[in-house]
Number of protein chains: 2
Amino acid sequence: MNINDIAHMVGVSKGTVSRVINNSKTGVSEETRARILKTIEEVGYIPNRMAGSIAIAKTKTIGLIIPDIQNLFFPQMVRGVENCAMENGYSLFLCNTDSSIRKQEIYLRAFMEKRVDGILINTCGVMQDRTLWKSICQSGIPIVLLDRKTSDFADKPGIFIDNREAAYMGVSHLIDTGCRKILFLCGPKDVFTSSERLKGYCKALHIADIPYREDYVIYGTHTAQYGYDTIKELLPRYPEVDAVFAGADTIAVGVLKALREMEIPVPDQISVLGFDNIMFSEFLSPPLTTVAQPIYDIGYRAAEKLLSCIRHEPGSDKSEYMGTVLIQRESTRKGRGDET
Amino acid sequence: MNINDIAHMVGVSKGTVSRVINNSKTGVSEETRARILKTIEEVGYIPNRMAGSIAIAKTKTIGLIIPDIQNLFFPQMVRGVENCAMENGYSLFLCNTDSSIRKQEIYLRAFMEKRVDGILINTCGVMQDRTLWKSICQSGIPIVLLDRKTSDFADKPGIFIDNREAAYMGVSHLIDTGCRKILFLCGPKDVFTSSERLKGYCKALHIADIPYREDYVIYGTHTAQYGYDTIKELLPRYPEVDAVFAGADTIAVGVLKALREMEIPVPDQISVLGFDNIMFSEFLSPPLTTVAQPIYDIGYRAAEKLLSCIRHEPGSDKSEYMGTVLIQRESTRKGRGDET
DNA sequence: CTGAAAGCGCTAACAT
DNA sequence: ATGTTAGCGCTTTCAG
């Protein structure tokens, strides 16, 4: 069943049918439009947009690349992207790379081959396949970065937060409430967000005149397991620690569990600060104090920007920074500290 | 840049180029293949699979419909699907319906228009648009159900668990450990999994000779908020309750938080049983006893089945049931109960 | 308002 | 082994 069949059945040309399935406001009398629509409904014809796409060189499809949807940070972001896409009639390809540059390249190639209209990418690492990279750049396909910057696409716009200031704000709170020996479970070593948050951590220490100790910052993954293992292993060696700053709420989840098992009261003996404010954070025990970023909005806004890039709207090539805010719950102490 | 350009540059016909970009084992000498590959690499040509797809009527794309990726149950499932898809060279369209039949229909139509090779669907509700429904059925496009059954696609295969037996197993554990007044926060009323789990709940009560109380089963959503609100509101009215069976771990998350705030010791005064075993269950406080279903595997297996449907492999039209297992952690009491 | 026809980029026989 | 050609289903001028 194709456009020709419909044309024949109604007794018009395929051009006319094409106009109605594309909601062309003009060029079709209401009467023929109605007849065509009726036949389409009767036979249950569904136009082949693939075929249309090759003619108009637009697919109404965008691709999204993230490390892992199982990382609790991403579902909200993905949902933001998807909502915006769907509201504008776009479909969304979802891809998980596990931060593997190889997988990322496989997906990127698939996106290009399937001619997506734009790409949203939360990436890390540098592409090996420079030919692919060059093809992507030359193609001029719109790319918008999500949350992380990367050298391969340094010239591309993105939606970010100021990780440095956000971390500074969080750690300052820790310090304000009397903490001075602050462990920092930082996240992956060579990721943009990690290094920025580290800068914020350092800045807060510096301003409070607390000496920076390199052995207080530990790199790892954005997983609860990492938070758990690190605390279990390290804390006995650092009994003086009075706070831990988890580089992501997912990490804090594990930290809290370890502390609970070790029967260390939070926040009385050790304060715990998270980062992200994933949906789960308020349900932890104790509810997690965390630096909140607008996860859903970042996704939604990035998708909006991508669409405006696709439409070549002016200003769509500029990055944007979203605001963050400290959410005080019960894993850190209240009010002003006593030692500062 | 298209296949013709490459053909001209190398001095061969587009047919030959087509053979090499499709890895045709035969029909092209190693020497020309090398020359073509070299040129492709040099100019960074990326074939347009869309165009190919309309010729071969295959898109190497599948569509997945779920209620909401933000529901902690789904990320793992989606990841299972996506891994299988990617391993087989398929791309994945992700769609969230919020259980809205209207959205589901929009997505389904988009899938059909974009000619996906198959559809994976976790659905509820009956489609309004019967024309669309009929078109889908007539098209013969492979559909595999995920976790939930639905009347619209009653004849389609799917990957499920035995929700009734699983719930029976869980509730029996509660009873074995001495609970008799078991509140059941069931989940959405007219969803297949809810009604099945209710049957299991009833069966366990029946066998233990515990009278069934209709007011002990409360319907709601699969959210922590629902679990939280329900407990806060209801428990004061039912002081005799000694256990709550949450129809999903996401619900249990809220239950635990409410109980904590009400300073009701778990499991000493009230046991809490979850269902699903989402990744965070073990990080809750106390770690949640739950009926585990193999979430990732359900997704992966469903995708495998869909692909074998696409390939018309024999037996691919049969549903499969995955096993469940009770995971005892610390939100329920140990061993045999004292009152049974 | 409507029809005819030339593509869009690629595949798949069928020739050579 | 390679070239030729007729589609795949739709869009879009350009006439009428």
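This tour moves from the pair of protein chains to the DNA strands and then to two local sites.

The model is predicted, and local features therein require pLDDT of at least 70, side-chain atom pairs count only at pLDDT 80 or more, and totals for chains, interfaces and linings use all residues. Residues are numbered from 1 along each chain as its sequence is written, while chains are lettered from A and ligands numbered from 1 in the order in which they are written.

**Stop 1: the two protein chains**

Select chains A and B. A turn of 180 degrees with a shift of 0.0 Å along the axis lays chain B on chain A with an RMSD of 0.1 Å; the superposition is by least squares on the C-alpha atoms of residues with pLDDT of at least 70 in both copies. The two copies are thus related as by a two-fold rotation axis. To locate that axis, select B:Phe93, the residue of chain B that comes closest to it, at 2.3 Å (C-alpha).

Next, display the contact between the chains, where two residues are in contact if their C-beta atoms, placed from the backbone, lie within 7 Å. Chain B contributes 42 residues and chain A 41 residues. On the side of chain B that touches chain A, two or more residues come from each of α4, α5 (74-87), β2 (91-96), α6 (101-113), α7 (130-139) and α11 (249-261) of chain B. These elements are DSSP runs numbered from the N terminus: helices (H or I) of at least four residues and strands (E) of at least two. By class, this side of chain B has 18 nonpolar, 13 polar and 11 charged residues; Ala, Val, Leu, Ile, Met, Phe, Trp, Tyr, Cys and Pro count as nonpolar, Asp, Glu, Lys and Arg as charged, and the others, Gly among them, as polar. Because 98% of the interface residues of chain B are also interface residues in chain A, the copies meet through the same surface.

**Stop 2: the DNA strands**

Select DNA strand D and the residues near it, a residue being near if its C-beta atom, placed from the backbone, lies within 6 Å of the strand. There are 26 residues around strand D, the closest being A:Ile3, A:Ser18, A:Gly52, B:Val12 and B:Gly15. Helices α2 (14-21) and α4 (49-56) of both chain A and chain B each supply at least two residues of this surface, and α4(A) gives the largest share, five residues.

Now select DNA strand C. It is surrounded by 26 residues, of which A:Gly15, B:Ile3, B:Ser18, B:Ala51 and B:Gly52 are the closest. Here the largest share, five residues, comes from α4(B). The surface near strand C divides into 11 nonpolar, 13 polar and two charged residues.

**Stop 3: strand β2 of chain B**

Return to chain B and select β2(B). Six of its six residues are buried (20 or more other C-beta atoms within 10 Å of a residue's own, C-beta atoms being placed from the backbone), so the strand is largely enclosed by the rest of the structure. B:Ser91, B:Phe93 and B:Cys95 lie on one side, and B:Leu92, B:Leu94 and B:Asn96 on the other.

Add β1 (residues 61-66) of chain B, which pairs with β2(B) in the parallel sense over six bridges; pairing requires that DSSP find at least two bridges. B:Leu64 stands opposite B:Leu94.

**Stop 4: A:Cys186**

Finally, select A:Cys186, in strand β6 (residues 182-187) of chain A. With 24 C-beta neighbours inside 10 Å, A:Cys186 counts as buried. Residues that A:Cys186 touches include A:Ser194, A:Arg197, A:Val217 and A:Gly247. A:Arg197 is 11 residues away in sequence and 7.8 Å away in space, C-alpha to C-alpha.

Technical notes
Buried ≥ 20, exposed ≤ 12 C-beta atoms within 10 Å, placed from the backbone. Lists of a residue's contacts leave out its neighbours within four places in sequence.
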